[in-house]
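This report describes how one protein chain is folded. Please look at the sequence and the model before reading on.

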Amino acid sequence: MNKQLLFVKRPTGDADASTWSLVSNPIPKIKEGEVLLQQHYVSLDPAMRGWMNEAKSYIPPMEINSVMRAGSVGQVIEANNHPEFKVGDYVAGYAGVQQYIATNADGYYKVDPKLAPLPTYIGTLGMPGMTAYFGITEVGKLKESDIVLVSGAAGAVGSIVGQVAKIKGCKVVGIAGGTDKCKYVVDELGFDACIDYKNEDVKQRLKEECPKGLDIYFDNVGGEILDIALGRLRMNARIVICGAISQYNNKTEIKGPSNYLSLLVNRASMTGMVVFDYADRYAEGAKILGGWMAQGKLKSKEDIYEGIENFPETYSRLFSGDKMGKLVLKIIEE
């Protein structure tokens with residue numbers, strides 16, 4: 001049987017167990033030109049919360065009773081004259097939270113578990129890594145000696161953003177929640193400093209760590225921290241709007257920045273970043289990131305949980321902060 005997690009109710013505020021329904025259906029049969037994938041891992045990302053809303057966005061909202069959308073990696077176990085994939089191939093794509101899928105594999109790509117563990121292909125070498133790399137280099141226009149601030153610094157995207165900036169010769173300050181995360185960001189990832197937003201005065205610490213101001217703020221959280229960063233911009237600074245996790249579960253209006261005139265005064269820019277815009281360059285990004293990993297310059301961390309039935313509990317870790325690095329759920333039953 002094929003266990004599938006269906007999206008059955010649009011949440012108001014936090015998504016909880018009632019948002020989804022776990023069902024079992026027969027393993028699908030493949031048609032001519034299709035493959036049957038057995039899913040090994042699925043990716044959990046803050047963007048999932050936005051996909052549940054019935055609102056215009058960069059990607060169509062999920063439909064009620066559809067399989068929960070998610071990045072995934074698995075193996076081809078059957079193939080019916082598929083032009084690209086054969087039995088035994090490992091592939092990554094967006095197959096959703098289900099154990100098996102029959103698909104023509106349009107938009108999927110091969111991965112090699114001999115070069116990196118499978119979860120890495122939905123983490124550092126997948127969508128989060130591409131978001132970080134193209135977000136900081138292309139949208140943020142990163143250059144040597146920039147002063148860079150990264151929120152969500154212990155997360156899947158922020159952790160890679162900061163490391164890329166350090167590799168490029170920048171001063172990097174992170175923002176994360178809790179002593180352990182801040183210690184990880186500095187001691188393991190090599191950031192110059194990390195501000196604990198749960199226990200420290202972010203505005204004061206930022207003033208101390210970046211007395212000359214900021215060239216780039218890579219924003220994963222929005223809200224008050226975005227406003228604080230706006231107040232520390234240098235001339236021609238760049239803000240990359242990647243996410244706003246502090247606002248995703250709001251039941252009231254999203255809190256926007258009040259310091260936005262700092263953009264005018266400092267001739268600065270604030271630009272949204274959607275990773276799908278760089279889809280035709282993923283191979284380029286993966287080659288560069290993979291090269292840094294092989295050289296020991298870039299660290300990848302996946303926080304892996306098990307069991308498709310544990311999806312709701314694992315998903316909640318995205319917003320509670322009870323995770324470190326990339327959140328992944330193993331759904332293959334061995």
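The sections below move from the whole chain to its core, its helices and some single residues.

## Basis of the report

The structure is a predicted model, in which local features need pLDDT of at least 70 and side-chain atom pairs count only at pLDDT 80 or more, while totals for chains, interfaces and linings use all residues. Residues are numbered from 1 along each chain as its sequence is written, and side-chain values use heavy atoms, with hydrogens and water left out.

## The chain as a whole

The secondary structure comprises 9 helices and 16 strands; helices (H or I, at least four residues) and strands (E, at least two) are DSSP runs, numbered from the N terminus. The radius of gyration of the chain is 20 Å, close to the 20 Å that the globule rule gives for 334 residues, so the chain is as compact as a globular protein of that length. This radius is taken over C-alpha atoms, and the globule rule is 2.2 Å times the number of residues to the power 0.38. Along its principal axes, the C-alpha trace spans about 60 × 45 × 35 Å.

Of the 334 residues, 53% are buried. Buried means under 20% relative accessible area, exposed means over 50%, and partly exposed lies in between (1.4 Å probe, protein chains only). The accessible surface of the chain comes to about 15400 Å², and 49% of it belongs to carbon and sulfur atoms; such areas come from the Shrake-Rupley method with a 1.4 Å probe, and for residues only the protein chains shown count as cover. Among contacts (heavy atoms within 4.5 Å) between residues at least 6 apart in sequence, 65% join residues at least 24 apart.

## The nonpolar cores

A nonpolar core is a set of buried Ala, Val, Leu, Ile, Met, Phe, Trp, Tyr and Cys residues joined through side-chain atoms within 4.5 Å. The largest one has 46 residues, and those with the most contacts inside it are Ile136, Leu142, Val148, Val164, Val185 and Leu289. At least two residues of this core come from each of H2, strand E9 (147–151), helix H3 (156–167), strand E10 (171–176), helix H4 (179–188), strand E12 (214–219) and helix H8 (282–294). The greatest share comes from H2, with 7 residues.

Leaving aside residues up to four places away in sequence, Val164 touches Tyr133, Ile136, Thr137, Leu142, Leu289 and Trp292. Apart from the largest core lies another, of 22 residues, among them Ile147, Leu206, Cys210 and Leu233.

## Helices H2 and H3

Helix H2 covers residues 127–139 and spans only 16 Å between its end C-alpha atoms, whereas a straight helix of 13 residues would span 18 Å at 1.5 Å a residue. The expected span of a helix is 1.5 Å times one less than its number of residues. In H2, 12 of the 13 residues are buried, including Met127, Tyr133, Phe134 and Val139. Just after this helix, Lys141 takes a positive phi of about 50°.

For the 12 residues of H3, the expected span is 16 Å, and the end C-alpha atoms are 17 Å apart, which agrees. Because 10 of its 12 residues are buried, H3 is largely enclosed by the rest of the structure. Its buried residues pack against H2, E9, E10, E12, H8 and strand E16 (326–330). Gly169, just after H3, has a positive phi of about 85°.

## Val35 and Thr103

Val35 belongs to strand E3 (residues 35–43) and is buried, with a relative accessible area of 0%. Phe85 is 50 residues away along the chain, yet the C-alpha atoms of Val35 and Phe85 are separated by 7.5 Å. Among the residues that Val35 touches are Ile30, Val76, His82, Phe85 and Thr103.

Thr103 lies in strand E7 (residues 100–103) and is also buried, at 10% relative accessible area. A polar atom of its side chain lies 2.8 Å from the backbone nitrogen of Ala105.

## Exposed loop residues

Asn65, in the loop between helix H1 (47–51) and strand E4 (66–67), has a positive phi near 75° without being a glycine. Its relative accessibility is 52%, so Asn65 counts as exposed. Arg267, in the loop between helix H7 (261–265) and strand E14 (269–272), has a positive phi of about 50° although it is not a glycine. At 56% relative accessibility, Arg267 counts as exposed.

Technical notes:
Polar contact = N/O pair within 3.5 Å; in protein donor to acceptor, adjacent residues only side chain to side chain.
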